[in-house]
Amino acid sequence: MSKQYKSFIEELKIQCPELPKDNLKDVTTNSGLSTLEDFTKAEFVNFEAKREDLYRLSMDIEAYAVKNYVPLLATFETEKLYKYVQKRYTNILKKIPHAWVIGGFDDPFLIPPDSVPSTAEILSCIDTNIEKMWIVVTKGPNGPFGLVVEDLGDDKFRGFFSMDSKIIEKVIKIINDIMRIEINFSK
């Protein structure tokens with residue numbers, strides 16, 4: 001019998017009542033929201049999207065972390081999804097000061113320790129409500145910002161992008177509490 005967990009997004013809504021309840025926006029290629037700059041100008045975007053629509057934004061956030069030499073938090077629902085980007089991530093992890101890579105990793109040897117720098121923490125979130133999340137967060141001039149979406153199945157994701165560091169800090173607090181770790185972008 002598998003365990004049932006409360007939705008991460010629903011838990012966030014309880015802990016973060018200031019989370020905007022904006023209407024869902026279109027984030028497909030032709031929507032006017034196609035670059036990180038578009039999202040940062042919008043400051044907060046609620047959306048429902050397909051995986052392909054989120055890759056671009058995720059990669060832009062990762063590139064921002066590398067360009068600005070700032071920490072990065074990334075979650076992966078499965079080992080397969082991490083393996084898809086493993087080579088790119090190995091390079092990213094070597095170019096930033098700290099990273100937390102969290103995923104539904106069954107295999108403790110999925111990421112050989114000698115392939116990533118000691119500044120990268122690779123953690124499994126199996127059997128938690130983080131396992132269904134696609135989160136990519138980095139640090140901007142006003143604190144952490146990023147993408148927080150939940151996998152609804154059938155290539156559907158619902159969540160948001162936020163520049164509001166208070167909202168993203170609540171996301172991080174939930175992860176820290178569930179995982180009993182310390183992700184801290186203020187260091």
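Ala-74 is a good place to start in this predicted model: the residue is buried, with a relative accessible area of 1%. Ala-74 is found in strand β2. Setting aside residues up to four places away in sequence, Ala-74 touches Tyr-89, Trp-100, Val-101, Ile-102 and Ile-135. If you would like a distance to check on screen, try the C-alpha atoms of Ala-74 and Cys-125, which are separated by 12 Å. Those two residues are 51 residues apart along the chain.

## The nonpolar cores

Tyr-89, one of the contacts of Ala-74, also leads us to the largest nonpolar core. That core has 33 residues, and Phe-47, Tyr-89 and Leu-147 touch the most other members. Helix α4 gives the most to this core, with five residues. In soluble globular proteins, nonpolar side chains tend to be buried together.

Which residues does Phe-47 contact, leaving aside its neighbours within four places in sequence? They are Leu-24, Lys-25, Val-27, Phe-39, Leu-54, Leu-147, Val-149, Phe-157, Arg-158, Gly-159, Phe-160 and Phe-161. Apart from the largest core lies another, of 27 residues, with Ile-9, Leu-19, Ile-135 and Val-148 among them.

Val-148 brings us to Ile-168, since the two are in contact. Ile-168 lies in helix α5, which covers residues 165–179. At 0% relative accessibility, Ile-168 counts as buried. Neighbours within four places in sequence aside, the contacts of Ile-168 are Val-137, Pro-144, Phe-145, Gly-146, Val-148, Phe-160 and Ser-162. Phe-160 is also on the contact list of Phe-47. Ile-168 and Leu-12 are 156 residues apart in sequence, and their C-alpha atoms are 10.0 Å apart in space.

## Salt bridges

Side chains of opposite charge can pair when their charged atoms come close. The count for this model comes to eight salt bridges, including the three below.

| Acidic residue | Basic residue | N to O distance |
|---|---|---|
| Glu-77 | Arg-51 | 3.5 Å |
| Asp-151 | Arg-51 | 3.9 Å |
| Glu-62 | Arg-88 | 2.2 Å |

Take the pair of Glu-77 and Arg-51, whose side chains meet in a salt bridge. Glu-77 lies in the loop between β2 and α4 and Arg-51 in helix α3, so the pair ties together parts that are 26 residues apart in sequence. Glu-77 is buried, with a relative accessible area of 6%, and Arg-51 is buried as well, at 18%.

Arg-51 also meets Asp-151 in a salt bridge. Why does this pair tie together parts that are 100 residues apart in sequence? Because Asp-151 lies in strand β6 (residues 143–153), while Arg-51 lies in helix α3.

The side chains of Glu-62 and Arg-88 form another salt bridge. This pair links distant parts of the chain, with Glu-62 in helix α3 and Arg-88 in helix α4, 26 residues apart. At 4% relative accessibility, Glu-62 counts as buried, whereas Arg-88 is partly exposed, with a relative accessible area of 28%. Salt bridges that share partners join Arg-51, Glu-77 and Asp-151 into one network.

## The cavity

Now for the empty space. Rolling a probe the size of a water molecule over the atoms shows where empty space is left. How many cavities of 30 Å³ or more does a search of the whole structure find? The search finds one, and about 160 Å³ of space lies in the largest cavity.

This cavity is lined by 16 residues, of which Tyr-55, Ser-58, Phe-76, Val-85 and Trp-134 lie nearest its centre. By class, the lining has ten nonpolar, two polar and four charged residues. The elements α3 (51–68), β2 (72–76), α4 (79–93) and β5 (133–140) each supply at least two residues of the lining.

## Two loop residues with positive phi

Finally, have a look at the backbone of Tyr-69 and Asp-127. Phi of Tyr-69 is near 50 degrees, a positive value in a residue other than glycine. Tyr-69 lies in the loop between α3 and β2 and is exposed, with a relative accessible area of 53%. Asp-127 has a positive phi of about 65 degrees although it is not a glycine. You will find Asp-127 in the loop between β4 (120–124) and β5, where the residue is partly exposed, at a relative accessible area of 43%.

Terms used
Residues numbered from 1 in each chain as written. Predicted model: local features only at pLDDT ≥ 70, side-chain atom pairs only at ≥ 80, totals over all residues. Heavy atoms only, no water. 1 Å grid on protein atoms, 1.4 Å probe; cavity = no way out; pocket = protein on both sides within 12 Å on 5 of 7 lines; lining within 4 Å. Points joined across faces, edges and corners; volume = space filled by probe spheres on them. Helix = DSSP H or I, 4+ residues; strand = E, 2+ residues; numbered from the N terminus. Nonpolar A, V, L, I, M, F, W, Y, C, P; charged D, E, K, R; others polar. Salt bridge = Lys/Arg side-chain N within 4 Å of Asp/Glu carboxyl O. Buried < 20%, exposed > 50% of the residue type's maximum accessible area, 1.4 Å probe, protein only. Core = buried A, V, L, I, M, F, W, Y, C linked by side-chain atoms within 4.5 Å. Contact = heavy atoms within 4.5 Å.
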